[in-house]
Amino acid sequence: MMKNTILTVLFYSCLKLFVCSSVSLLTDDAKNSTLKSRIVLPEHYVKEIRPPSKQGLPVLVDFNIFVADINSINVEDMDFRVDMFVRQSWIESRLDMPDYIFEEGDDYVTLPPEFFDSLWQPDPYFLNAKVSEIAALNHKFSSVTLYRNKTVKYSARMHAIIACQMEFQLYPMDIQICPIYIESFSYHKQKLRLRWGTGAVTVNPELKLLQYDIGKPVVAEETVDYMLEKSVFFRFERQIGHHLIQTFAPSTLVVMLSWFSFWLGLDAIPGRVALLVTSMLTLVTMFTGLKSDIPPVAYVKALDVWMAGCMMFVFAALGEFVVVKVLDLRSQLEYDLQTSIMSRHYSTRAIVIEKGQSIWDYDSTYIPKVKNKKAGSKHLLQNTWLDPEYPMIRVHKTQSQTIDIYSRIGFPILFMLFIILYWPILLFKKAM
């Protein structure tokens, strides 16, 4: 019993010593973690007050952006997502910079991101950002570097969704100019001034977008009221190759397919109607699918003009068929009526000649019924040969056939004229 009691006392004593030593180590680690902060920052340092400047000049903050990736350009929400490294640097004259905090041969020291919370911080923000946050996985992707000349450099990887007012008049050959506006949130230009550092805005040279070509960013500076605003403009030019293959080439072939109806006979009603209606439905289906790529807008786009032109040519071909068919039916009725009258007249005259009487002496009101004979029958041809007054029936092209012949040439010429006008005007407006 005594032995168990001694073992129990020894166990609790060891446990107490272990806990005390652990607490002591944690306290020492906490002291060590703030050691550099206490050495660098003066005793009465106030991080809410900006660094003092000579003669009341504003604090200069150099600002740099390196665009690592642009994830997507969303035309429906009119924004684009960008991952970038943002670098800020300024001089904090209140810091104490003893030599022993620097390694031999170095003029800077890198501190953990937590140290940045103890410093005065400039407050630039993206004016037209929907979302802006520092990227984080297991920890924040940021760092603080102190230099011997008391320069503070803060770097962080940021993810932002930037709003962009897009225009689609020239779609699918549109060019979108998307700016990022940067300014200080609480300091006006007499207190803090942002300026572009060396390199200003740099884009990852390996960055490639699916539908756009990205140009070199253009930086600018503008004073708005009492704020000094920085801006960088990104130029996104849509690639036309996809739409040439998926839109313009197929629609052109469909329009050309509708011209085959001019070579079909007027009696091929099912074939011509099926060809033209199928061409029209194909264009409607094709252009309806394209509307899902861009938001509905109140103005006319370049693609709408092309779509309307192609549909107009197919509809005109369908209207041409209706016109020539009506003219053909009317011509056929007139031909049948004229043939019937001529057949009756010359059949009566042939009967009178057979009786040896003159046609001028024949005053009987009785006209024998003659069987309808087609023009060109043996009996009628004989009468024609016998009677020089019988008009010869000449074979000639009807008006409907003539329109079909002209359409075979006119429609391709008009479509080529439409293409010749469409593309130069579109390219001219794009270059403006």
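Visitor: Where does Leu-111 sit?
Guide: In this predicted model, Leu-111 belongs to strand E3, which covers residues 108-111.

Visitor: Is Leu-111 buried or exposed there?
Guide: Leu-111 has a relative accessible area of 5%, and because buried means under 20%, Leu-111 counts as buried.

Visitor: And how far is Leu-111 from Val-144, in sequence and in space?
Guide: Along the chain, Leu-111 and Val-144 are 33 residues apart, while their C-alpha atoms lie 5.4 Å apart in space. Val-144 falls within strand E6, whose range is 142-147.

Visitor: What share of the contacts across the whole protein join residues at least 24 apart?
Guide: If one takes the contacts between residues at least 6 apart in sequence, 77% of them join residues at least 24 apart.

Visitor: OK, and the overall make-up, how many helices and strands are there?
Guide: The protein has seven helices and twelve strands, and 35% of its 432 residues count as buried. Its accessible surface comes to about 27400 Å², with 62% of that area belonging to carbon and sulfur atoms.

Visitor: Switching to pockets, how much space is in the second largest one?
Guide: The second largest pocket holds about 410 Å³ of space, and four elements each give two or more residues to its lining, namely strand E2 (79-91), strand E4 (124-126), strand E5 (129-134) and strand E7 (151-163).

Visitor: Which residues lie nearest its centre, and what is the lining like chemically?
Guide: Of the 22 lining residues, Phe-116, Gln-121, Ile-134, Tyr-154 and Ala-156 lie nearest the centre of the second largest pocket. By class, the lining of this pocket divides into 13 nonpolar, five polar and four charged residues.

Visitor: Take Ile-134 from that group, which strand is it in, and how accessible is it?
Guide: Ile-134 is part of strand E5, and with a relative accessible area of 30% it counts as partly exposed. Its C-alpha atom is separated by 9.7 Å from that of Val-86, a residue 48 positions away along the chain.

Visitor: Anything odd in the backbone, say which peptide bond is cis?
Guide: The bond from Tyr-171 to Pro-172 is cis, with omega near 15 degrees, and Pro-172 is placed in the loop between E7 and strand E8, the latter covering 175-184. As background, most peptide bonds are trans, and most residues other than glycine have a negative phi.

Visitor: Which residues have a positive phi, then?
Guide: Among them are Met-78, with a phi of about 55 degrees, and Lys-150, with a phi of about 70 degrees, neither of which is a glycine.

Visitor: Where are those two placed?
Guide: Met-78 lies in the loop between strand E1 (59-74) and E2, whereas Lys-150 lies in the loop between strand E6 (142-147) and E7.

Visitor: And how accessible are Met-78 and Lys-150?
Guide: Met-78 has a relative accessible area of 27% and is partly exposed, and Lys-150, at 28% relative accessibility, also counts as partly exposed.

Visitor: Last topic, which residues does UniProt list as transmembrane region?
Guide: An unreviewed UniProt entry lists residues 248-266, 273-290, 305-327 and 405-425 under that heading.

Visitor: How much helix is there in 248-266 and in 273-290?
Guide: In the model, residues 248-266 are 58% helix and 0% strand, and the end C-alpha atoms of that span lie 31 Å apart. For residues 273-290 the span is 100% helix and 0% strand, with its end C-alpha atoms 26 Å apart.

Conventions: Residues are numbered from 1 along each chain as its sequence is written. This is a predicted model: local features need pLDDT of at least 70, side-chain atom pairs count only at pLDDT 80 or more; totals for chains, interfaces and linings use all residues. Side-chain values use heavy atoms; hydrogens and water are left out. Buried means under 20% relative accessible area, exposed over 50%, partly exposed in between (1.4 Å probe, protein chains only). Contact means heavy atoms within 4.5 Å. Accessible areas come from the Shrake-Rupley method with a 1.4 Å probe; for residues, only the protein chains shown count as cover. On a 1 Å grid over the protein atoms alone, a cavity is a set of points where a 1.4 Å probe fits but cannot get out, and a pocket is an open set with protein on both sides within 12 Å along at least five of seven lines; lining residues have an atom within 4 Å of a point. Grid points are joined across faces, edges and corners, and a volume is the space filled by probe spheres set on the points. Ala, Val, Leu, Ile, Met, Phe, Trp, Tyr, Cys and Pro count as nonpolar, Asp, Glu, Lys and Arg as charged, and the others, Gly among them, as polar. UniProt positions are given in the numbering used here, feature names are shortened, and annotations may be inferred rather than shown by experiment.
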